[in-house]
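Biologist: Can you walk me through this one? I'd like to start with a single side chain and work outwards.

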Amino acid sequence: MKRILWIVTAAVAVSVTSVSCSRKVTRIDPGEQIDLSGRWNNTDSRLTAEKMIDDVLGDKWISDYQQSKNGAKPVVIVGFVTNKSTEHIDAETFVKDVEQSFIRSGKVRLVQGGKKREELRAEKADQQTNASASSMKKFGLEQGADFILQGSINSIVDAQKKKKVVYYQVNLELTNIQTNEVVWIGDKKIAKYVTN
């Protein structure tokens, strides 16, 4: 009986060792394009953000604004980018790519929105009772945004047997907050042909 137990234990140990040793992880450059599943990935997010920011910052709305405001940079807030695709896409990573591209351009000023803005306001509220008068940040001094960027990520899937084409379209709109005038609309399309 002990011999059978020992053999079973040894077999289990060998199989666990061989299963755990079969996986290999290799560090890669995050900018390297690797498409394993055909789904939306970090490369799609980054390339879409870069292309759309180039488009929005190259459009005439920015020069029109600067002419009317003595050369001042417009203040932009990135609002909701809604995932309407057939996949689970974390829109926040795309939003961060967009915000990062805005900041790197140096052509606009970016302000916080959504939950991060609420967190900042909560911190200011806390400082009203817990910080010294000289270091306390006051309410009512936030930089108001001039424009809001909003949009959606959409997809269409066409599949037959072991082949499919996934078509993505990201739509963004920039709106003047004061007037509600849409000053720019852009889109980026990506199509992927996937075979199994």
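**Around one phenylalanine**

Biologist: What does F94 touch, not counting residues up to four places away in sequence?

Modeller: F94 touches W40, S45, T48, A49, V81, I153, V170 and L172. A contact here means heavy atoms within 4.5 Å. This is a predicted model: local features need pLDDT of at least 70 and side-chain atom pairs 80 or more, while totals for chains, interfaces and linings use all residues. Numbering runs from 1 along each chain as its sequence is written, and side-chain values use heavy atoms, without hydrogens or water.

Biologist: Which residues have the most contacts inside the largest nonpolar core?

Modeller: W61, F94 and F102, in a core of 28 residues. Two or more residues each come from α2, α3 (60-68), β1, α4, β3, β4 and β5 (182-195). A nonpolar core is a set of buried Ala, Val, Leu, Ile, Met, Phe, Trp, Tyr and Cys residues joined through side-chain atoms within 4.5 Å. Buried is under 20% relative accessible area, exposed over 50%, partly exposed in between, with a 1.4 Å probe and protein chains only.

Biologist: Which residues of α4 are buried?

Modeller: A91, F94, V95, D97, V98, E99, S101 and F102. Their cover includes α2 (42-57), β1 (75-83), β2 (109-111), β3 (147-160) and β4 (163-176). Helices (H or I, at least four residues) and strands (E, at least two) are DSSP runs, numbered from the N terminus.

Biologist: How far apart are the end C-alpha atoms of α4?

Modeller: 21 Å, which agrees with the span expected for 15 residues at 1.5 Å a residue. The expected span is 1.5 Å times one less than the number of residues.

Biologist: And what happens at the start of α4?

Modeller: A side-chain oxygen of D90 comes within 3.1 Å of the backbone nitrogen of E92. E92 counts as partly exposed, at 47% relative accessibility. Just after α4, G106 has a positive phi of about 75°.

Biologist: Switching helices. What do the buried residues of α2 pack against?

Modeller: α3, α4, β4 and β5. Among those buried residues are T48, A49, M52 and I53. At the start of α2, a side-chain oxygen of N41 is within 3.0 Å of the backbone nitrogen of T43.

Biologist: Now pockets. What volume does the largest pocket have?

Modeller: About 510 Å³. Of its 19 lining residues, V78, G79, F80, V95 and G114 are the closest to the centre. β1 gives the largest share of the lining, 6 residues.

Biologist: How is a pocket defined?

Modeller: On a 1 Å grid over the protein atoms alone, a pocket is an open set of points where a 1.4 Å probe fits, with protein on both sides within 12 Å along at least five of seven lines. Lining residues have an atom within 4 Å of a point. Points are joined across faces, edges and corners, and the volume is the space filled by probe spheres set on them.

Biologist: Is S152 buried or exposed?

Modeller: Buried, with a relative accessible area of 11%. S152 is in strand β3. Its side chain makes a 3.1 Å polar contact with that of N154. That term means a pair of N or O atoms within 3.5 Å; within protein, one must be able to donate a hydrogen and the other to accept it, and residues adjacent in sequence count only if both atoms are side-chain atoms.

Biologist: How many helices and strands does the chain have?

Modeller: 5 helices and 5 strands. From the N terminus, they run α-α-α-β-α-β-α-β-β-β.
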